[in-house]
Amino acid sequence: MERVILGIDPGTVVMGFGVIKQVGKSVQFIEMDVLNLSKERDIAKRLHRIFECTVALIEKHKPSHLAIEAPFFGKNVQSMLKLGRGQGVAIAAAISQSVPFSEYAPRKIKMAITGKGTASKEQVAKMLFSLMKINAAMPKQLDATDGLAVAVCHALQNDLLPGAGGVRPPNRIGRMNPAPTKSKKYSGWETFIAQNENRVSS
């Protein structure tokens with residue numbers, strides 16, 4: 001069996017994405033990058049670019065599934081809605097191309113990759129590079145590895161990768177887990193937004 005999974009970390013300023021291919025019980029890294037919208041002031045134009053980028057990725061890679069991070073729910077409704085706009089547009093793009101989608105909470109994605117729901121972006125990125133043996137420089141914007149993490153999370157959640165030669169859930173990896181490092185902890189939605197301003201815009 002062979003199929004491609006597109007993962008997206010939504011945002012109206014920076015959208016991260018990653019693409020993987022599952023071949024039998026192994027998974028291959030294909031691509032990861034970000035769509036940077038920081039220079040575009042018009043929110044409508046930003047959303048249009050998110051839609052176009054998602055469609056272009058689907059046309060390029062022909063994924064069988066879109067995996068996307070769900071908005072972080074909290075008290076700051078306006079900020080949550082801004083993130084939700086980006087997610088909704090990416091989902092609409094997938095629907096327009098008849099690609100099914102699944103949503104995953106940030107904590108669930110981190111848990112799937114590192115075994116720790118409070119892991120930092122850096123920990124997630126390092127684990128992905130180790131697990132997938134990615135021979136490339138670490139991206140400057142870790143929204144790219146966040147997008148890749150969503151795709152891998154979908155594969156793990158659907159038990160696509162057991163057995164030799166494939167990426168396996170952290171609780172089966174043993175010594176491949178990196179030593180614990182200090183990670184960010186969010187006491188509330190306001191703290192999350194303060195530490196992730198690059199993902200949200202008015």
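In the predicted model described here, A67 of β4 stands opposite S102 in β5, where two strands count as paired if DSSP finds at least two bridges between them. Helices (H or I, at least four residues) and strands (E, at least two) are DSSP runs, numbered from the N terminus. Residues are numbered from 1 along each chain as its sequence is written. Because the model is predicted, local features need pLDDT of at least 70 and side-chain atom pairs count only at pLDDT 80 or more, while totals for chains, interfaces and linings use all residues; side-chain values use heavy atoms, with hydrogens and water left out.

The pairing of β4 with strand β5 (residues 101-104) is parallel and runs over four bridges. Strand β1 (residues 2-9) also pairs with β4 in the parallel sense, again over four bridges, and here I8 stands opposite I68. As a helpful reminder, strands of a sheet pair through backbone hydrogen bonds, either parallel or antiparallel.

Stepping back to the whole sheet, five strands form an open arrangement in the order β3-β2-β1-β4-β5, with mixed pairing. β3 (26-36) and β5 stand at the edges with a single partner strand each, so one side of each is left without a neighbour in the sheet. On average, neighbouring strands are turned by 20° against each other, direction ignored. The antiparallel pairing is seen between strand β2 (residues 14-23) and β3, which share 10 bridges; among the partners, G18 is matched with M32 in β3.

How enclosed is β4? Five of its five residues are buried, so the strand is largely enclosed by the rest of the structure. Buried means under 20% relative accessible area, exposed over 50%, and partly exposed in between (1.4 Å probe, protein chains only). In a regular strand the side chains alternate between the two faces of the sheet. In β4, H65, A67 and E69 point one way and L66 and I68 the other, and all are buried.

Following the chain onward, A70 is found in the loop between β4 (65-69) and α2 (77-96). A70 counts as buried because its relative accessibility is 14%. Leaving out residues up to four places away in sequence, A70 touches Q87, E103, Y104, A105 and P106, a contact being heavy atoms within 4.5 Å. A70 and I8 lie 62 residues apart along the chain, and their C-alpha atoms are separated by 9.8 Å.

P106 also belongs to helix α3 (residues 106-114), where P106, I109, K110, A112, I113 and T114 are buried. Seen down the axis of α3, these buried residues fall within an arc of 165°, so they line one face of the helix; the arc is that of the directions from the helix axis to the C-beta atoms. The buried residues of α3 pack against β4, β5, α4 (121-132) and α5 (143-157). Just after α3, G115 takes a positive phi of about 85°.

Other helices lie across the sheet. α2 crosses β1, β4 and β5, running at about 175° to β4, whereas α5 lies across β1, β2, β3, β4 and β5 at about 40° to β2. Axes are lines fitted to C-alpha atoms, for helices over the stretch in contact, and angles run from 0 to 180 degrees between N-to-C directions.
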